[in-house]
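Student: I have a structure in front of me and I'm not sure how to start reading it. Could you walk me through it?

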Amino acid sequence: MTPFKNITRRQWIFTSMAILFSAGVAFAAICQTCQGSGISSTPCGLCKGTGLYGQMKCPTCKGKRFQNCAVCGGAGKN
Ligand SMILES: [Zn+2]
Ligand SMILES: [Zn+2]
């Protein structure tokens, strides 16, 4: 029941909770739909995955053949 013991225990709980919280944030930060790639897993609907729109680079996917992920908007993170 010494104050030192209480502080140490509190700090240990706080530290472990902080680690768990930051680990959870890091896990949630990566978009689960695109796995952090920022591009949708389905081919671009406009160019149908070719990356070309006529003779031009597809304006929707910008020639990447895949549109930006609808969940993260191309950021790769939530
Ligand atoms: Zn396209
Ligand atoms: Zn995404």
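Tutor: Let's go from the overall layout to single residues. Keep in mind that this is a predicted model.

Student: Okay, layout it is. How many helices and strands does the protein chain have?

Tutor: A handy habit is to list the elements and then their order. Here you'll find one helix and four strands, and along the sequence they run α-β-β-β-β.

Student: What share of the residues in the protein chain is buried?

Tutor: For this we count neighbours around each residue: 20 or more other C-beta atoms within 10 Å makes a residue buried. In this chain of 78 residues, 14% pass that mark.

Student: Which residues make up the largest nonpolar core?

Tutor: Nine residues: Ile39 and Phe66, along with Cys34, Cys44, Cys47, Cys58, Cys61, Cys69 and Cys72. Take isoleucine 39 as a case. Setting aside neighbours within four places in sequence, its contacts include Cys34, Phe66 and Cys69, and also Lys64 and Gly74.

Student: And how do I read contacts over the whole protein chain?

Tutor: Look at how far apart the partners are in sequence. Of the contacts between residues at least 6 apart, 52% join residues at least 24 apart.

Student: Which residues pair up across the sequence like that?

Tutor: Try glycine 36 and alanine 75: they are 39 residues apart in sequence, yet their C-alpha atoms are 7.6 Å apart in space. Glycine 36 sits in the loop between α1 and β1. Beyond its neighbours within four places, glycine 36 touches Ile30, Cys31, Gly76 and Lys77. With 15 other C-beta atoms within 10 Å, glycine 36 counts as partly exposed.

Student: What about backbone angles? What should catch my eye?

Tutor: Look at the sign of phi, since most residues other than glycine have a negative one. Glutamine 35 isn't a glycine, but its phi is positive, about 55 degrees. Lysine 62 is another non-glycine with a positive phi, near 55 degrees.

Student: Where are glutamine 35 and lysine 62 found?

Tutor: Both are in loops: glutamine 35 between α1 (3–29) and β1 (39–43), lysine 62 between β3 (56–57) and β4 (66–68).

Student: Is glutamine 35 buried or exposed?

Tutor: Glutamine 35 counts as exposed because it has 12 C-beta neighbours inside 10 Å. Lysine 62, with 13 other C-beta atoms within 10 Å, is partly exposed.

Conventions
Residues numbered from 1 in each chain as written. Chains lettered and ligands numbered in written order. Predicted model: local features only at pLDDT ≥ 70, side-chain atom pairs only at ≥ 80, totals over all residues. Core = buried A, V, L, I, M, F, W, Y, C linked by C-beta atoms within 7 Å. Contact = placed C-beta atoms within 7 Å. Helix = DSSP H or I, 4+ residues; strand = E, 2+ residues; numbered from the N terminus.
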